[in-house]
Amino acid sequence: MSVKQNLENIRGKIKSTCEKVNRNESDITIIAVTKYVSNDRAKEAISAGVTHLGENRDEGFREKWATIQEAATWHFIGTLQTRKVKNIINEIDYIHSLDRLSLAKEINNRANSEVKCFVQVNVSQEDSKHGLNPNDVLTFMKDLHSYPNIKVVGLMTMAPFTDDEAIIRECFRSLKKLQLDVQALNLTYAPCTELSMGMSNDYTIAIEEGATFIRIGSALVGEDS
Ligand SMILES: *Cc1c(COP(=O)(O)O)cnc(C)c1O
């Protein structure tokens, strides 16, 4: 299917989900995750009307960025090694994987201006996943005051790999609760108004639970979806 058809499908589901839970469609931003697809397929997404693209590796990001540049708003959604920060920092618009102070320090030192970051939380506490333990998030937020180039726009998580919708929903719901706790800290550098959660298989649940950025790869740009 063309990206355009996939996008229409997804927008339809976003619309019906928003109606169901009384949310506004315009509060949901679709990030097309292009990590497994060609430059041409990424450009097809832009032509179809997608304006936000996500990549999870610095090489992949640089390759796509070289051809698409300002035509998209760019999201880095993968684990970010500290030594790779310099390869992306002054082109990327959002980083979704801030999960340690050493990374905050490097971002702060390398960035020419404020960088919009999501703090990644390992809500499900699976060993395989990166992100902060939920219990450490509030302390981490306070510690970020030393890094003026970091702005925490929101929290990000990945749901566990399971078909059990209740478990997925509980994960997203916990992230929403944590967001409210962060907001209650009233930190000027951490307004935390956004929630980055939901992928191809679970974005409707994520929207029901408050997602504002959904990260969709296979269902949107997958070559054979
Ligand atoms: C790959 C990836 C996605 C998109 O996954 P799909 O299941 O293909 O939609 C979203 N978020 C992160 C962090 C990813 O690495």
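Is Cys 192 buried or exposed in this structure? In this predicted model, Cys 192 is buried, with a relative accessible area of 0%, a value that falls under the 20% cut-off used for that class. The residue belongs to the loop that runs between helix H7 (165–184) and strand S7 (194–196), and its backbone deserves a second look, since phi of Cys 192 is near 50 degrees, a positive value in a residue other than glycine.

Most residues other than glycine have a negative phi. A second case of a positive value is Asn 22, which is not a glycine and yet has a phi of about 60 degrees. Asn 22 is placed in the loop between helix H1 (3–21) and strand S1 (29–33), and in contrast to the buried Cys 192, Asn 22 is exposed, with a relative accessible area of 73%.

**The ligand and its surroundings**

The space taken by the ligand is the largest pocket. The shell of residues around the ligand divides into 6 nonpolar, 3 polar and 2 charged; among its members are Val 33, Ile 77, Met 156, Met 158, Met 199 and Ile 216, together with Ser 200 and Arg 215. Lys 35, Gly 217 and Ser 218 also belong to this shell, and for each of these the distance from one of its atoms to an oxygen atom of the ligand is listed below.

| Residue | Atom of the residue | Distance to an oxygen atom of the ligand |
|---|---|---|
| Lys 35 | polar side-chain atom | 2.6 Å |
| Gly 217 | backbone N or O atom | 2.8 Å |
| Ser 218 | backbone N or O atom | 2.8 Å |

The protein covers 88% of the 390 Å² of accessible area that the ligand has on its own. Lys 35 thus approaches the ligand through a polar side-chain atom, whereas Gly 217 does so through a backbone N or O atom, as does Ser 218.

**A residue in helix H3**

Which class of exposure applies to Arg 62, with its relative accessible area of 33%? Arg 62 is partly exposed, because 33% lies between the cut-offs of 20% and 50% that separate buried from exposed residues. Arg 62 is found in helix H3, which spans residues 58–68. Its C-alpha atom is 9.7 Å from that of Ile 92, although Arg 62 and Ile 92 are 30 residues apart in sequence.

How values were computed
Residues are numbered from 1 along each chain as its sequence is written. This is a predicted model: local features need pLDDT of at least 70, side-chain atom pairs count only at pLDDT 80 or more; totals for chains, interfaces and linings use all residues. Side-chain values use heavy atoms; hydrogens and water are left out. A residue is near a molecule or strand if one of its heavy atoms lies within 4 Å of it. A polar contact is a pair of N or O atoms within 3.5 Å; within protein, one must be able to donate a hydrogen and the other to accept it, and residues adjacent in sequence count only if both atoms are side-chain atoms. Accessible areas come from the Shrake-Rupley method with a 1.4 Å probe; for residues, only the protein chains shown count as cover. On a 1 Å grid over the protein atoms alone, a cavity is a set of points where a 1.4 Å probe fits but cannot get out, and a pocket is an open set with protein on both sides within 12 Å along at least five of seven lines; lining residues have an atom within 4 Å of a point. A molecule sits in a cavity or pocket if more than half of its atoms lie within 2 Å of its grid points. Ala, Val, Leu, Ile, Met, Phe, Trp, Tyr, Cys and Pro count as nonpolar, Asp, Glu, Lys and Arg as charged, and the others, Gly among them, as polar. Helices (H or I, at least four residues) and strands (E, at least two) are DSSP runs, numbered from the N terminus. Buried means under 20% relative accessible area, exposed over 50%, partly exposed in between (1.4 Å probe, protein chains only).
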